Amino acid sequence: MTAAMDELLGILDLEQLEHNLYRGRSPKLDWQRIFGGQTIAQALVAAQRTVEPERHVHSLHGYFMRPGDTKVPIIYEVDRIRDGGSFTTRRVVAIQHGHAIFSLEASFQQDEVGLEHQVPMPQDVPAPDTLLSQRELIGKFGEAVPDGIRRYWERDRPIEMKPVMLEHYTSREKLEPKQNIWIRTTGPVPADRATQAAVLAYLSDMTLLDTSTFAHGRAIFDSDIQAASLDHAMWFHRSHPLDDWMLYTQDSPSTQGSRGFTRGSLFARDGTLIASVAQEGLIRLKRPPAE
């Protein structure tokens, strides 16, 4: 277990303040704002604490309203919308400085047997063992990697990634808006379904919005781009350990109106479809300063 992985599991262990009221903290990092995946995961944990343990999350939909402040706690208020015969619905609002910064709706269901199929995992993707880690990529490409990306890769993080395509990191070539990334946790995740789902929600926010910039020869860390997640939706299909490599396939059908839209699928190494994700984010070109 790495220190960063231990920290992630720690921040997902929310403090209960009152009935339907929980408090979360952020890791002690120099981030300017809270990572969106953290807010999604903590809000899901708050919802899970109010749901019968035999019911598991199958979908969530969240909206980001304000950037989160890493220096103060987040209060999560849960609204128990419905406890039905088959499904449970919860709404969670994340609050800082007296304002909502994020809202989440999640639906839970007890496991049932029924029809089952899935799309196959892409077959033409290099195996993770043949690819360089992000730290190794820094050593290979050096100054060709933008400063923002290099600083991000150098941090001790709970999630390890191996990108298949590298052109968007080192060039401004206009590329097809899709990518494949191998991703995994840097340590084991407890086997309980609730924690597994929360960690999966956390990592699902990584790299997704980046894909919407590829067709324009840009990157999310470019100094003339203002980027932020606007919403995030996720569907949980099948449980699977998260400390082995998963393939995160992503594509961006559209970017317009200063918004980029991206879809993702998470496959286990054996081809199991674990989850599907969709996200829209702000991709705004900054105006140059007036002379």
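Helices H2 and H6 cross in the right-handed sense in this predicted model. Their axes, of H2 (residues 36-48) and H6 (residues 193-204), come within 7 Å and cross at roughly 155 degrees. Because angles over 145 degrees count as roughly antiparallel, H2 is roughly antiparallel to H6.

Which residues of H2 and H6 make the contact? On the H2 side they are Gly-37, Gln-38, Ile-40, Ala-41, Leu-44, Val-45 and Gln-48. H6 brings Ala-194, Ala-197, Ala-198, Ala-201 and Tyr-202 to the contact. Sorted by character, the residues of this contact divide into nine nonpolar, three polar and no charged.

Tyr-202 is a good residue to follow a little further. The model has two aromatic pairs in total. One of them joins Phe-35 and Tyr-202, with 5.0 Å from centre to centre and 80 degrees between the planes. Because planes over 60 degrees apart count as edge-to-face, the pair of Phe-35 and Tyr-202 is edge-to-face. Phe-35 sits in the loop between strand S2 (21-24) and H2, while Tyr-202 belongs to helix H6. The two residues are 167 residues apart, and their pair links distant parts of the chain.

Now to the strands. An open sheet is formed by 12 strands, and their pairing is antiparallel. Reading across the sheet, the order is S1-S2-S4-S5-S6-S3-S9-S12-S11-S10-S8-S7. Which strands are the edge strands? They are S1 (15-18) and S7 (159-163), each of which pairs on one side only. From one strand to the next, the twist averages 25 degrees.

Some of the pairings can be set side by side, each with its bridges and one pair of residues that stand opposite each other.

| Strands | Bridges | Opposite residues |
|---|---|---|
| S3 (residues 55-64) and S6 (residues 99-110) | nine bridges | Tyr-63 and Ser-103 |
| S5 (residues 87-96) and S6 | 10 bridges | Ala-94 and Phe-102 |
| S7 and S8 | five bridges | Met-161 and Ile-183 |
| S8 (residues 178-185) and S10 (residues 246-256) | six bridges | Gln-179 and Gln-250 |

Strand S6 appears twice here, joined to S3 by nine bridges and to S5 by 10 bridges. S5 and S6 also form a hairpin, with two residues between them. In that turn, His-97 has a positive phi of about 55 degrees.

Strand S8 likewise appears twice, running antiparallel to the edge strand S7 and pairing in the antiparallel sense with S10. Within S8, Ile-183 has Met-161 opposite. Besides the bridge between Gln-179 and Gln-250, Ile-181 stands opposite Tyr-248 in S10. In a regular strand, side chains alternate between the two faces of the sheet.

One loop residue rounds off the tour. Where is the place of Thr-272? It is in the loop between strand S11 (259-268) and strand S12 (273-285). Leaving aside residues up to four places away in sequence, Thr-272 touches Gln-118, Arg-238, His-240, Leu-266 and Phe-267. Arg-218 lies 54 residues from Thr-272 along the chain, and the C-alpha atoms of Thr-272 and Arg-218 are separated by 32 Å.

Notes. Residues are numbered from 1 along each chain as its sequence is written. This is a predicted model: local features need pLDDT of at least 70, side-chain atom pairs count only at pLDDT 80 or more; totals for chains, interfaces and linings use all residues. Side-chain values use heavy atoms; hydrogens and water are left out. Two strands pair if DSSP finds at least two bridges between them. Helices (H or I, at least four residues) and strands (E, at least two) are DSSP runs, numbered from the N terminus. Axes are lines fitted to C-alpha atoms, for helices over the stretch in contact, and angles run from 0 to 180 degrees between N-to-C directions. Angles under 35 degrees count as roughly parallel, over 145 as roughly antiparallel, 65 to 115 as roughly perpendicular and the rest as oblique. A crossing is left-handed if the near helix is turned anticlockwise from the far one by less than a right angle, and right-handed if clockwise. Contact means heavy atoms within 4.5 Å. Ala, Val, Leu, Ile, Met, Phe, Trp, Tyr, Cys and Pro count as nonpolar, Asp, Glu, Lys and Arg as charged, and the others, Gly among them, as polar. Rings of Phe, Tyr and Trp (its six-membered ring) pair if their centres lie within 6.5 Å; planes under 30 degrees apart count as stacked, over 60 as edge-to-face and the rest as tilted.
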